[in-house]
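Let's take a walk through this fold and see how its pieces sit against each other. Have the viewer open as you read.

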Amino acid sequence: MVDKPFARKRSGGPKTAAGKAIVAGNALSHGMNSCLVTLSSEDPAEFESLFQGLVADYCPIGTTETHIVHDVAHLMWKLRRLDTYEHQQMSLAALLEVKIAEIFKKMNFQPPSDCIYELFCLLDEFSEKDLEEAEELLSECEEFKRTSIPFMDPVGGPEYFPFLWLRAMPLEWRRDPSKITALGLNGDDPNPEIMKLIDGQVELVRRHTWAKAFLIKNREGIHQAEEVLRAEKMTLAWNPDRSPRLRTTIEGQMYRALKELRFHQSWRLERIAIVLPLGPVA
């Protein structure tokens, strides 16, 4: 296939120095293993200031000692980079949104209705009183399924269904219950179209109330699942075990470099002592 004119040729990558410099950071993630001294997001002047400070501290003499001090500066710079990168990743992960569907999947729950997505933002505002009212309202909804005529009674409806009457009965009929009697809706054979409308409104109230009760009862588990998911997202963004390993590796390299620097400085002083032995000057 290579010899055929229509064969696809594989790209060997950029050939020029400028092109190679552009793609050099394609695989760059945190930069801890990069051979580059400063990344594109870092200020070379700050690194140079760090290097000159170490030069003032250790006073290297010669190419070898200066090179070792430069390596120490590079390793210290990587430790700074690690702190910065870890802080950025943790900050970004903390802002990640935990979706409601992910929470219920984590809890192995099926959301009871679509209303739960509307009520989720009010989760922390619900109280135990709200739960009691929700359970009473659900009980009234179940009673409504068994008999609907008392619900349409302007006198008995508000008495037998105090919560459901306020939520399912149209506002204009609540304000003027005489309209129900005038339309004959509270008789033995109420208008089927009106009852269909009321049934639909009651079902909507039941689903909304069931979702509220579900959220209140499972509030603690929802918060726990949300925290677990947020921790998992943070772990995916930046593995907590990775930072100590990288830090230990870099610090080990830095201490070995400092040890080598001390060895060279001691060796240099011994050479000076051999060449210029100490003693009384004649």
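What follows goes from the overall fold to one helix pair, an aromatic cluster and two residues of another helix.

## The overall picture

This is a predicted model, so keep that in mind throughout. The protein has 14 helices and 0 strands, and reading along the sequence just gives you α over and over: α-α-α-α-α-α-α-α-α-α-α-α-α-α.

Of its 282 residues, 32% count as buried. As for how the chain folds back on itself, take the contacts between residues at least 6 apart in sequence: 73% of them join residues at least 24 apart.

## Two helices, one at a time

Start with α12, which covers residues 192–217. It has 26 residues and spans 37 Å from its first C-alpha to its last, close to the 38 Å expected at 1.5 Å a residue. Its buried residues are I194, M195, I198, V202, V205, T209, A211, A213, F214, L215 and I216.

Then there's α6, residues 128–146. This helix has 19 residues and reaches 28 Å between its first and last C-alpha, close to the expected 27 Å. The buried set here is L131, A134, L137, L138, E140, C141 and F144, so a glutamate is on the list too, given that buried means under 20% relative accessible area.

## How α6 and α12 pack

Two packed helices are described by the angle between their axes and the distance between the axes. For α6 and α12, the axes come within 9 Å and cross at roughly 145°. The crossing is left-handed.

Who meets whom? On the α6 side you'll find D130, L131, A134, E135, L137, L138, C141, E142, F144 and K145. Facing them in α12 are M195, I198, D199, V202, V205, R206, T209, W210, K212, A213, I216 and K217. The residues of this contact divide into 13 nonpolar, 1 polar and 8 charged.

## The aromatic cluster

The count of aromatic pairs comes to 5. One of them is F151 with F161, an edge-to-face pair with 5.5 Å centre to centre and 75° between the planes. F151 lies in helix α7 (residues 149–152) and F161 in the loop between α8 (156–160) and α9 (162–168), so the pair ties together parts that are 10 residues apart in sequence.

Are these two phenylalanines, F151 and F161, buried or exposed? Both are buried. They also belong to one aromatic cluster along with F144 and W165. F144 is a residue we've already met: it is buried in α6 and takes part in the contact with α12.

## Two acidic residues in α3

Helix α3 runs over residues 62–94, and E65 lies in it. How buried is E65? Its relative accessible area is 3%, and buried means under 20%, so E65 counts as buried. Not counting residues up to four places away in sequence, E65 touches C59, P60, L261, H264, Q265 and R268. Q265 is 200 residues away from E65 in sequence, yet the two are 7.7 Å apart in space, C-alpha to C-alpha.

D83 is in α3 as well. With a relative accessible area of 41%, D83 is partly exposed. It has a sequence-distant partner to look at too: the C-alpha atoms of D83 and S243 are separated by 8.7 Å, with their positions 160 residues apart along the chain.

Definitions and conventions. Residues are numbered from 1 along each chain as its sequence is written. This is a predicted model: local features need pLDDT of at least 70, side-chain atom pairs count only at pLDDT 80 or more; totals for chains, interfaces and linings use all residues. Side-chain values use heavy atoms; hydrogens and water are left out. Helices (H or I, at least four residues) and strands (E, at least two) are DSSP runs, numbered from the N terminus. The expected span of a helix is 1.5 Å times one less than its number of residues. Buried means under 20% relative accessible area, exposed over 50%, partly exposed in between (1.4 Å probe, protein chains only). Axes are lines fitted to C-alpha atoms, for helices over the stretch in contact, and angles run from 0 to 180 degrees between N-to-C directions. A crossing is left-handed if the near helix is turned anticlockwise from the far one by less than a right angle, and right-handed if clockwise. Contact means heavy atoms within 4.5 Å. Ala, Val, Leu, Ile, Met, Phe, Trp, Tyr, Cys and Pro count as nonpolar, Asp, Glu, Lys and Arg as charged, and the others, Gly among them, as polar. Rings of Phe, Tyr and Trp (its six-membered ring) pair if their centres lie within 6.5 Å; planes under 30 degrees apart count as stacked, over 60 as edge-to-face and the rest as tilted.
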